[in-house]
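Let's take a walk through this structure together, one region at a time. Have the sequence and the 3D view ready so you can follow along.

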Amino acid sequence: MTAKIAYDGVEVGTELPAQTFTVDRATLVRYAGASGDFNPIHWNEKFAKEVGLPDVIAHGMFTMAEAIRVVTDWTGDPGAVVEYGVRFTRPVVVPNDDQGATIEVSGKVAAKLDDNTVRVDLTATSAGQKVLGMSRAVVRLA
Amino acid sequence: MALDQSFVGRSYPPTEPYEVGREKIREFAEAVGDPNPAYTDPEAAKALGHPDVIAPPTFVFAITFKAAGQVVQDPQLGLDYSRVVHGDQKFAYVRPVRAGDRLTVTSTIEAVKSMAGNDILDIRGEVHDEAGEHVVTAWTKLVARAAEEA
């Protein structure tokens with residue numbers, strides 16, 4: 001593993017570069033195929049509304065995959081991720097229009113741990129609301 | 001209907017090996033829009049110290065969740081899957097999943113709870129490679145929402 005960020009160069013409170021990810025209906029169809037999760041709440045508006053959702057929603061695992069990119073783009077080596085966990089608190093609602101939805105992700109170093117690892121706390125929001133809770137990664141730095 | 005507490009600790013037999021392919025990793029990385037070359041270029045992955053391209057951190061969920069199907073669909077447990085939502089997800093990695101891995105998953109029920117009429121199920125999936133080495137552990141919390149009053 002060869003992370004490009006040095007452990008000695010970060011401290012508690014160090015902010016990772018924030019990123020914004022867009023997701024539209026085509027993104028969800030593609031993710032369904034790649035992940036094998038064909039639950040119709042992620043592509044069928046009629047079905048989603050029948051089960052009480054406002055509209056089609058993104059796969060929680062899609063949002064989880066996007067959020068960790070703030071960490072893996074920072075370290076360079078995705079293999080440096082030692083732990084990663086999230087709570088799915090609110091769905092990312094994806095309207096059927098030209099814009100889709102956006103997911104904004106920021107992260108900061110919350111703790112310096114043993115063995116050159118740090119804990120990064122991530123914040124993910126869509127339409128102004130948090131969509132992930134307890135979103136934390138432990139990553140090994142150089 | 002509350003789930004049976006006696007299922008806590010129950011383990012299911014390991015799955016048949018899932019062979020991780022380079023092109024499947026590429027497809028997944030493209031689907032999440034991630035251009036990191038460690039996912040698609042073996043030379044870039046080697047420069048980082050990996051023997052072949054590695055998979056994005058959440059890739060393995062497709063494998064562990066399929067394995068968790070043994071639990072979710074266990075007729076003796078009786079979970080109402082049509083009401084299930086994904087509550088929490090966590091991974092702890094010994095090393096990244098990489099192309100060429102042949103992975104088996106052993107699923108265990110860690111906890112069964114009932115809260116406000118919701119059934120909550122915690123499943124742990126231990127992922128091992130062909131040599132029997134531990135690669136990653138995945139914890140999945142599923143919540144079956146209470147059925148509405150008729």
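Before we start, here's one term you'll need: a polar contact is a pair of N or O atoms within 3.5 Å, and within protein one of them must be able to donate a hydrogen and the other to accept it. Residues adjacent in sequence count only if both atoms are side-chain atoms. Keep in mind, too, that what you're looking at is a predicted model.

With that rule in hand, go to the place where chain A touches chain B. Across this interface there are 10 residue pairs in polar contact, with both residues at pLDDT 80 or more. Which parts of chain A supply the touching residues? The elements that give two or more residues to that side are α1 (25–35), α3 (60–67), α4 (69–75) and β2 (81–88) of chain A. The largest share comes from β2(A), with 8 residues. Sort the chain A side by class and you get 15 nonpolar, 8 polar and 7 charged residues.

Now for the whole contact: 30 residues of chain A take part, along with 31 residues of chain B. Between them the two chains bury about 2,400 Å², and 56% of that is on carbon and sulfur atoms. On the chain A side, A:A34, A:M61 and A:P78 lose the most area to chain B, together 21% of what that side buries.

Let's zoom in on β2(A). It is joined by 5 bridges to strand β2 (residues 84–93) of chain B, and the two strands run antiparallel. You can find A:E83 standing opposite B:A92 in this pairing. The side chain of A:E83 also meets that of B:K90 in a salt bridge, 3.6 Å from N to O. That pair crosses between chains, from strand β2 of chain A to strand β2 of chain B. Are its two ends buried or partly exposed? A:E83 is partly exposed at 30% relative accessible area, and B:K90 counts as partly exposed too, at 35%. Between chain A and chain B the count is 3 salt bridges. Another salt bridge to look for joins the side chains of A:R87 and B:D88, at 2.9 Å from N to O.

Next, follow helix α1 of chain A. At its start, a side-chain oxygen of A:D24 reaches to within 3.1 Å of the backbone nitrogen of A:A26. Along the helix, A:R25, A:T27, A:L28, A:Y31, A:A32, A:A34 and A:S35 are buried. What covers them? The cover includes β1 (15–23), α2 and α3 of chain A, together with α1 (22–31) and α3 of chain B. Just after the helix comes A:G36, whose phi is positive, near 80°.

A:R25 deserves a second look. It forms a salt bridge with A:E45, the closest N and O atoms being 3.0 Å apart. A:E45 sits in helix α2 (residues 45–50) of chain A and A:R25 in helix α1, so the pair ties together parts that are 20 residues apart in sequence. A:R25 is buried at 17% relative accessible area, while A:E45 is partly exposed at 27%. Both belong to a network of salt bridges that links A:R25, A:E45, A:K49 and A:D55.

Our last stop is strand β4 (residues 117–126) of chain A. Here 7 of the 10 residues are buried, so the strand is largely enclosed by the rest of the structure. Strand β3 (residues 101–112) of chain A is joined to β4(A) by 8 bridges and runs antiparallel to it; in this pairing, A:A111 has A:R119 as its partner. The two strands form a hairpin with 4 residues between them, and A:D115 in the turn has a positive phi of about 60°.

β4(A) also has 5 bridges to β6(A), again antiparallel, with A:V118 and A:V139 as bridge partners. A salt bridge joins these strands as well: A:R136 pairs with A:D121, the closest N and O atoms being 3.8 Å apart. A:R136 lies in β6(A) and A:D121 in β4(A), so this pair ties together parts that are 15 residues apart in sequence. Finally, β4(A) pairs with strand β5 (residues 129–130) of chain A over 2 bridges, in the antiparallel sense.

Terms used: Residues numbered from 1 in each chain as written. Chains lettered and ligands numbered in written order. Predicted model: local features only at pLDDT ≥ 70, side-chain atom pairs only at ≥ 80, totals over all residues. Heavy atoms only, no water. Contact = heavy atoms within 4.5 Å. Buried area = accessible area lost by both parts, 1.4 Å probe. Salt bridge = Lys/Arg side-chain N within 4 Å of Asp/Glu carboxyl O. Nonpolar A, V, L, I, M, F, W, Y, C, P; charged D, E, K, R; others polar. Pairing = 2+ DSSP bridges. Buried < 20%, exposed > 50% of the residue type's maximum accessible area, 1.4 Å probe, protein only.
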